[in-house]
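Please open the model in your viewer and keep the selection tool at hand, since this tour moves from one selection to the next.

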Amino acid sequence: MSDDILSRVGAVIESRKGADPSTSYVAKLFDKGLDAILKKVGEEATETVMAAKDGDPKKVVYEVADLWFHSLVALAHFGLKPEDVLAELARREGLSGLAEFAQRGNAP
Ligand SMILES: N=c1c2ncn([C@@H]3O[C@H](COP(=O)(O)OP(=O)(O)OP(=O)(O)O)[C@@H](O)[C@H]3O)c2ncn1[C@@H]1O[C@H](COP(=O)(O)O)[C@@H](O)[C@H]1O
């Protein structure tokens, strides 16, 4: 179920390319350009950190949803989709982060 919603939201975001910014928040972001999109990603990341520092689980969920959403818009700017990120996470599945770090020639 979870990646279905990511795919659905990703498809709607893609469909907003070239849409009227006055009728769509996503189209407004595309119209403003990459810096505006990245500004929102940064803002939502900061708001996620602040929600976590406050120890408020519901607020953390809300802000992570904002962060994931704006990250999907940033992906779409580059013609990328949520499925691309899911494939990368699947590629990493089962490989310990410690082992992966060491594989890159980093000291444990
Ligand atoms: N998932 C979302 C989504 N999450 C957040 N947002 C918008 O992102 C904006 C966040 O900007 P704010 O400045 O309000 O930031 P904030 O952090 O919420 O508020 P502050 O804490 O900064 O005050 C708000 O307008 C939210 O409504 C979203 N807007 C759209 N979507 C999805 O994208 C689809 C297309 O949206 P439109 O292009 O607007 O039709 C929708 O059907 C949804 O599925």
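Angles between helix axes that are under 35 degrees count as roughly parallel, those over 145 as roughly antiparallel and those from 65 to 115 as roughly perpendicular, while the rest count as oblique. The model on display is predicted.

Begin by selecting H2 (25-32) and H4 (57-77), which pack with their axes 11 Å apart at an angle of about 50°; the two helices are therefore oblique to each other, and their crossing is right-handed. Show the side chains at this contact, where Tyr 25, Val 26, Leu 29 and Phe 30 of H2 meet Phe 69, His 70, Val 73, Ala 76 and His 77 of H4; by class, these are seven nonpolar and two polar residues, with no charged ones.

Next, keep H4 and add H3 (34-53), whose axis comes within 8 Å of that of H4 and crosses it at roughly 160°, so that H3 and H4 are roughly antiparallel to each other. This crossing is left-handed. Among the residues that make the contact are Leu 34, Ile 37, Val 41 and Glu 44 of H3, together with Lys 59, Glu 63, Leu 67 and Ala 74 of H4, and the whole set divides into 12 nonpolar, four polar and six charged residues.

Now select Ile 37 alone: apart from its neighbours within four places in sequence, Ile 37 is in contact with Leu 29, Phe 30, His 70, Val 73, Ala 74 and His 77.

Finally, turn to the largest nonpolar core, which has 13 residues, with Ile 13, Val 26, Phe 30, Ile 37, Leu 72 and Val 73 having the most contacts inside it. Helices H1, H2, H3 and H4 each give two or more residues to this core, and H4 gives the most, with six.

Definitions and conventions. Residues are numbered from 1 along each chain as its sequence is written. This is a predicted model: local features need pLDDT of at least 70, side-chain atom pairs count only at pLDDT 80 or more; totals for chains, interfaces and linings use all residues. Side-chain values use heavy atoms; hydrogens and water are left out. A nonpolar core is a set of buried Ala, Val, Leu, Ile, Met, Phe, Trp, Tyr and Cys residues joined through side-chain atoms within 4.5 Å. Buried means under 20% relative accessible area, exposed over 50%, partly exposed in between (1.4 Å probe, protein chains only). Helices (H or I, at least four residues) and strands (E, at least two) are DSSP runs, numbered from the N terminus. Contact means heavy atoms within 4.5 Å. Axes are lines fitted to C-alpha atoms, for helices over the stretch in contact, and angles run from 0 to 180 degrees between N-to-C directions. A crossing is left-handed if the near helix is turned anticlockwise from the far one by less than a right angle, and right-handed if clockwise. Ala, Val, Leu, Ile, Met, Phe, Trp, Tyr, Cys and Pro count as nonpolar, Asp, Glu, Lys and Arg as charged, and the others, Gly among them, as polar.
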